[in-house]
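This report looks at the contacts around a few aromatic rings and then at the arrangement of one sheet.

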Amino acid sequence: QVQLVESGGGLVPAGGSLTLSCAASGSTFSIISMGWYRQAPGKQRELVATIRLGGGITSYADSVKGRFTISRDNTKNTMYLQMNSLKPEDTAVYYCNANYVVPYQGDAIDWGQGTQVTVPS
């Protein structure tokens with residue numbers, strides 16, 4: 001299993017910046033990729049960005065391209081989401097997840113508890 005703890009959420013004015021962190025522990029050596037998702041009130045959870053640990057390949061939702069940057073510090077087992085030029089529509093609970101390999105069972109995914117980001121209109 002992989003345990004994930006998000007931090008860094010808060011209230012930020014439109015146009016501001018915020019950096020989220022996701023600290024991983026447990027079977028971190030088996031992680032293949034990690035990602036950030038968000039869920040706004042009354043909406044489904046949506047993908048924000050992902051990063052593959054081998055090679056560092058990243059991908060982003062169109063709505064955040066050019067504004068958000070996903071990164072990972074392997075020495076700290078921590079993933080980050082740098083969010084710039086925040087908009088009210090970025091308001092949501094942000095979750096991180098980890099896709100990892102379980103020996104003899106295949107892939108598995110664990111989630112963090114989420115951190116609230118609020119950008120007032």
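In this predicted model, Arg45 lies over the face of Trp111, at 4.6 Å from the ring centre. The charged end of Arg45 also sits over the ring of Tyr95, 3.8 Å from the centre of that ring. The two placements are set out below.

| Charged residue | Ring | Distance to ring centre |
|---|---|---|
| Arg45 | Trp111 | 4.6 Å |
| Arg45 | Tyr95 | 3.8 Å |

Trp111 is partly exposed, because its relative accessible area of 37% falls between the limits of 20% for buried and 50% for exposed residues. The structure holds one aromatic pair, and Trp111 forms it with Tyr37, the centres lying 5.0 Å apart and the planes meeting at 70°. The pair is classed as edge-to-face because that angle of 70° is over the 60 degrees required for this class. Distant parts of the chain are linked in this way, since Tyr37 belongs to strand E4 (residues 31-39) and Trp111 to strand E10 (residues 106-111), 74 residues apart.

Turning to the sheet, four strands in the order E1-E3-E8-E7 form an open arrangement with antiparallel pairing. Strand E1 (2-7) and strand E7 (68-73) stand at its edges and have a single partner strand each, so that one side of each is left without a neighbour in the sheet. From one strand to the next, the twist averages 15°. At the E7 edge, the antiparallel pairing of E7 with strand E8 (residues 78-83) runs over six bridges, and Phe68 has Met83 in E8 as its bridge partner.

Definitions and conventions:
Residues numbered from 1 in each chain as written. Predicted model: local features only at pLDDT ≥ 70, side-chain atom pairs only at ≥ 80, totals over all residues. Heavy atoms only, no water. Pairing = 2+ DSSP bridges. Helix = DSSP H or I, 4+ residues; strand = E, 2+ residues; numbered from the N terminus. Axes fitted to C-alpha atoms, helices over the stretch in contact; angles between N-to-C directions. Phe/Tyr/Trp six-rings, centres within 6.5 Å; stacked < 30°, edge-to-face > 60°. Buried < 20%, exposed > 50% of the residue type's maximum accessible area, 1.4 Å probe, protein only. Lys NZ or Arg CZ within 6 Å of the ring centre and 35° of its normal.
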